[in-house]
Amino acid sequence: MQWRNLIARLVAAGPWAGRFLSGLAVLFLLFDGIIKMLRLPVVLESFRQLGFPESVAAGIGAIELFCTLLYVIPRTSVLGAVLLTAIMGGAIASHLRLGDPLFTHVLFGSYLGLFIWGGLFLRDGRLRGIFPLRRKA
């Protein structure tokens, strides 16, 4: 029952709460995409640990930035959210394959996905119409 109250309050806060959640996700995604494009040593090391060649870091960063741009544009935000969800799924699978810690590494993509979709849900009434929290009797 408490979760329903929390969700109801967030929906009542509406667009502002959605912008806040989306903004946090976008800030992280921009930071992450940019450091991949710059091929910083910490990024290259993490790619090696994940079993990816260093040469794909900039490409993945560019894709992440492009999908983030799609997410920020209101007309393409749902497409951006779907594509970012796919990227997060790949990150989750990569960490799961290596046996990384569950709550800090493996599920981080899920946390980010909740911010992406939660923010979009709160700021877009059409999405709330497609996925209502409760069915009307």
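Me: In which helix does L96 lie?

Reply: This is a predicted model, so read every value as computed from it. L96 lies in helix α5.

Me: Is L96 buried or exposed?

Reply: Compare the relative accessible area with the cut-off. Exposed means over 50%. L96 has 56%, so L96 is exposed.

Me: How far apart are L96 and V106 in sequence and in space?

Reply: Take both separations together. Along the chain, L96 and V106 are 10 residues apart. From C-alpha to C-alpha, the gap is 5.7 Å.

Me: Let me step back. How many helices and strands does the protein have?

Reply: Count the elements, then read their order. There are eight helices and zero strands. From the N terminus, the order is α-α-α-α-α-α-α-α. The C-alpha trace spans about 55 × 30 × 20 Å along its principal axes.

Me: What percentage of the residues is buried?

Reply: The chain of the protein has 137 residues, and buried ones make up 30% of them. Sequence separation adds another view. Take the contacts with a separation of 6 or more: 60% of them join residues 24 or more positions apart.

Me: How do I read a nonpolar core, and which residues have the most contacts inside the largest one?

Reply: The general idea comes first. In soluble globular proteins, nonpolar side chains tend to be buried together. Now this case. The largest nonpolar core has 16 residues. L29, Y71, L84, L112 and I116 have the most contacts inside this core. Four elements give two or more residues to it: α2 (15-37), α4, α5 (77-98) and α7 (108-123).

Me: Which residues make up the other core?

Reply: Another core lies apart from the largest one. This other core has five residues, among them I35, V43, L44 and A57.

Me: Back to the largest core. What does L29 touch?

Reply: Set aside residues up to four places away in sequence. L29 then touches E64, L65, T68, L84, M88, L112 and I116.

Me: E64 is on that list. Where is E64 found, and is E64 buried or exposed?

Reply: E64 is found in helix α4. Its relative accessible area is 1%, so E64 is buried. Leaving out neighbours within four places in sequence, E64 is in contact with L29, D32, G33, K36, L84 and I87. Check G80 as well. E64 and G80 are 16 residues apart along the chain, with 9.7 Å between their C-alpha atoms.

Me: T68 is also on the L29 list. What is T68 in contact with?

Reply: Start with the element: T68 is found in helix α4, residues 57-72. Then take accessibility. At a relative accessible area of 2%, T68 is buried. Beyond its neighbours within four places in sequence, T68 is in contact with V26, L29, L30 and L84.

Me: How do I read a helix pair, and at what angle do α5 and α7 pack?

Reply: Two packed helices are described by the angle between their axes and the distance between the axes. Here, α5 and α7 pack at about 170 degrees, with their axes 9 Å apart. That angle makes α5 roughly antiparallel to α7.

Me: Which residues make the contact?

Reply: On the α5 side, they are S77, V78, A81, V82, L84, T85, M88 and I92. On the α7 side, they are G109, S110, L112, I116, W117 and L120. By class, the contact has 10 nonpolar, four polar and no charged residues.

Me: How many aromatic pairs does a search of the whole structure find?

Reply: The search finds two aromatic pairs. For such a pair, read the centre distance and the angle between planes. One pair is F28 with F108: 5.2 Å centre to centre, 65 degrees between the planes. This pair is edge-to-face.

Me: Which helices does the pair link?

Reply: F28 is in helix α2 and F108 in helix α7, so look at sequence distance too: the pair links distant parts of the chain, 80 residues apart. F28 is partly exposed at 29% relative accessible area. F108 is partly exposed too, at 35%.

Me: One backbone question. What is the phi of R39?

Reply: Ask whether the residue is a glycine. R39 is not a glycine, yet R39 has a positive phi of about 55 degrees. R39 has its place in the loop between α2 and α3 (41-50). With 34% relative accessibility, R39 counts as partly exposed.

How values were computed. Residues are numbered from 1 along each chain as its sequence is written. This is a predicted model: local features need pLDDT of at least 70, side-chain atom pairs count only at pLDDT 80 or more; totals for chains, interfaces and linings use all residues. Side-chain values use heavy atoms; hydrogens and water are left out. Buried means under 20% relative accessible area, exposed over 50%, partly exposed in between (1.4 Å probe, protein chains only). Contact means heavy atoms within 4.5 Å. A nonpolar core is a set of buried Ala, Val, Leu, Ile, Met, Phe, Trp, Tyr and Cys residues joined through side-chain atoms within 4.5 Å. Axes are lines fitted to C-alpha atoms, for helices over the stretch in contact, and angles run from 0 to 180 degrees between N-to-C directions. Angles under 35 degrees count as roughly parallel, over 145 as roughly antiparallel, 65 to 115 as roughly perpendicular and the rest as oblique. Ala, Val, Leu, Ile, Met, Phe, Trp, Tyr, Cys and Pro count as nonpolar, Asp, Glu, Lys and Arg as charged, and the others, Gly among them, as polar. Rings of Phe, Tyr and Trp (its six-membered ring) pair if their centres lie within 6.5 Å; planes under 30 degrees apart count as stacked, over 60 as edge-to-face and the rest as tilted.
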